[in-house]
Each structure stands twice: as C-alpha cells, then as structure tokens.
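Trainee: Got a minute to walk through this one with me?
Mentor: Sure, pull it up and ask away.

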Amino acid sequence: AKERLPVVIAFHGMTESKAGPDKGYRAWVDDYGLDKAYEALLIGKLGESAFGGLVRPAELARFNAELAAQPYRGLFVVGVYTPNLNADVESHPERIDAFAKWVALKLVPKIRDTFPIADAADRKVGVDGVSLGGMVALEVGLRYPDVFGAVGSMQPAVRGREAELAQKLADAGGKAPQRIRLLSSDKDPLLPVTKKLSEELRQRKVAHTLVVTPGGHDYAFNRGPGAMELLHFHDQALRAVPQSGSAP
C-alpha cells in the first residue's frame, strides 16, 4: 500500500488574489514552482540552483544535513484561493473567522474523504503561505491548533499586529503545541515585521524557527527558498507532530 502523505494547505499572495479564484488556487504550481522544488527534494542532496541561488552555504548545509537525517518523503499540498482578507482584519474580523472555519472544518474533512493518499487526520495537517498568504496561514492555524499541527508563514503581512498574533499563537499552543516556522529574506520589506513577530514569540516562550534567506519580496523568492522551505519544513514537522492529546 502507498504511504499516506501529510497535508499542507498553501495560501498565495496578493497578486494572485486579484487574479481571481480560477487562477489563484494554482499559484504555488503555476507561479511559484512548487512542482520543481518537490522533484528536487525527492532526488536528495541539493545545490544552490534548487533555491534559485538564494541560499547561503551554511543554510544549504543545514538543509542537506536535515535531509540526510530524514529524507523527504512527500506531502499532499492543497492550493487554496486566498481572498484579500488583509483589509478585514480590523473592520470585519468575522470574515477571517469564517474563512478559517471553512478551511479547518469543511476543506480538511473534504480532503480526508476524497483522497485516500492524503493523511488529513487532526494534527497531521499544516498551513503555510506567503505575504497575504503568510498572514492568512497564521490566522487559520492559530484558530484551530487541534487540526493544524504545523504553521508556516513567509514574509507575513502582519505589520502592527505582531504582539497580538504572538499572544494568540501562544494561547493556541497552550491548547495543542504546534510547530511554527517564520521565513523572510534580507531584502524583504517585511523582514522587520517578521523579526518583530519572532521576538514577540520569544518573549512569550513560544518555540519556533526563524529563517532569513537572501532575496526580495518577489517571485524569485517564492520559487526558490519559499517553495523549498514550505515542502521541507512541513515534511519534517508533520511527521514528528503527535496526535491531539499526546505529549509533544
């Protein structure tokens, strides 16, 4: 029998949000090169080209050492059209509540029932995204820690809300510990925001990983470090996350 694969819900950025649902949900494959990253990880040891050159020697060595210890086994990635919820954070928070509820309580069970290869059991599902999608991944993940065992966020558009989100992540972790990874790049305008969110998490003793790669806030980053980190982090994290109710 084929091994069942942990599931990752992947959210895209603002450009694809404006492009509409018919195009947006395919962003991680059509625009961000997730399929090429997937193939590279299956081959094994990686070179700089797998990251589009946007990787430092030490980070590449860390990546390959982790792959050697735990080879990439694969994920079931579900691209989801991500509406522009940024404007609703303050004025209409119920829209984010509704979207998160749909993802956790409607979409995840649908994946579980539809695809036998997908291991969409509670806590074996992760969320991740970039920019707008990075914010949405945090918002969805922190609302349902019993569903999402891993939360990734890349270049998250959360300026001014770092302390608020850090506290919510801390509260969520108290209910069910989550693996958390923040990712940014040295020329990302949102790097200070990502670092501040990381510091707020540290102050609350929330375990997480902060990765800062070379690159900007652009497609080159998404196709290089973004796609590679999405697949690698969740493959490592979700296979190590205990089921709900178990010790971390």
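**Strands, helices and two buried residues**

Mentor: Start with strand β5, residues 148–154. 7 of its 7 residues are buried, so the rest of the structure largely encloses this strand. Keep in mind that this is a predicted model.

Trainee: OK. In which sense do β4 and β5 pair, and over how many bridges?
Mentor: Parallel, over 3 bridges. β4 covers residues 125–129.

Trainee: What stands opposite V127 in β5?
Mentor: V151 does. Between the two strands, the chain passes through helix α8, residues 132–143. That β-α-β crossover is right-handed.

Trainee: And how many bridges join β5 to β6?
Mentor: 5 bridges, and these two strands run parallel. β6 is residues 179–185. One bridge pairs M154 with L183 in β6. To get from β5 to β6, the chain goes through helix α9, residues 162–175, in a right-handed β-α-β crossover.

Trainee: Back to α8. How many of its 12 residues are buried?
Mentor: 11 of the 12, which makes α8 mostly covered. Among the buried ones are L132, M135, V136, L138 and L142. E139 is on that list too.

Trainee: What span should α8 have, and what do its end C-alpha atoms give?
Mentor: At 1.5 Å a residue, 12 residues should span 16 Å. The end C-alpha atoms sit 17 Å apart, which agrees.

Trainee: Switching to Q155. Where is its place?
Mentor: In the loop between β5 and α9.

Trainee: Buried or exposed?
Mentor: Buried, because its relative accessibility is 0% and the cut-off for buried is under 20%.

Trainee: What is Q155 in contact with, leaving aside neighbours within four places in sequence?
Mentor: V130, S131, L183, S184, S185, D188, L190, T194, G216, H217 and F221. You met L183 already, as the bridge partner of M154.

Trainee: Next, L238. Which helix is it in?
Mentor: α11, residues 219–240. L238 is buried as well, with a relative accessible area of 0%.

Trainee: What does L238 touch, not counting residues up to four places away?
Mentor: P6, V7, V8, L75, R123, K124, V125, G126, G149 and A150.

Trainee: How far is the C-alpha of L238 from that of V130?
Mentor: 19 Å, with their positions 108 residues apart along the chain. V130 is one of the contacts of Q155.

Trainee: Where does α11 bend?
Mentor: At G226, by about 35°.

Trainee: And what does the span check say for α11?
Mentor: Its 22 residues should span 32 Å at 1.5 Å a residue. The end C-alpha atoms are 30 Å apart, which agrees. α11 is mostly covered too, with 18 of its 22 residues buried.

Trainee: Zooming out, how many helices and strands are there in the protein chain?
Mentor: 11 helices and 7 strands. Buried residues make up 55% of the 248 in the chain.

Trainee: What radius of gyration does the chain have, against a compact globule?
Mentor: 17 Å. A compact globule of 248 residues would be near 18 Å, so the value agrees. Along its principal axes, the C-alpha trace spans about 45 × 45 × 40 Å.

Trainee: Last one. What share of the contacts with a separation of 6 or more comes from residues 24 or more positions apart?
Mentor: 78%.

Methods: Residues numbered from 1 in each chain as written. Predicted model: local features only at pLDDT ≥ 70, side-chain atom pairs only at ≥ 80, totals over all residues. Heavy atoms only, no water. Helix = DSSP H or I, 4+ residues; strand = E, 2+ residues; numbered from the N terminus. Buried < 20%, exposed > 50% of the residue type's maximum accessible area, 1.4 Å probe, protein only. Contact = heavy atoms within 4.5 Å. Expected span 1.5 Å × (residues − 1). Bend = angle between axes of the 7 residues up to and from the residue. Pairing = 2+ DSSP bridges. Right-handed = clockwise from strand over helix to strand, strands pointing away. Rg over C-alpha atoms; globule rule 2.2 N^0.38 Å.
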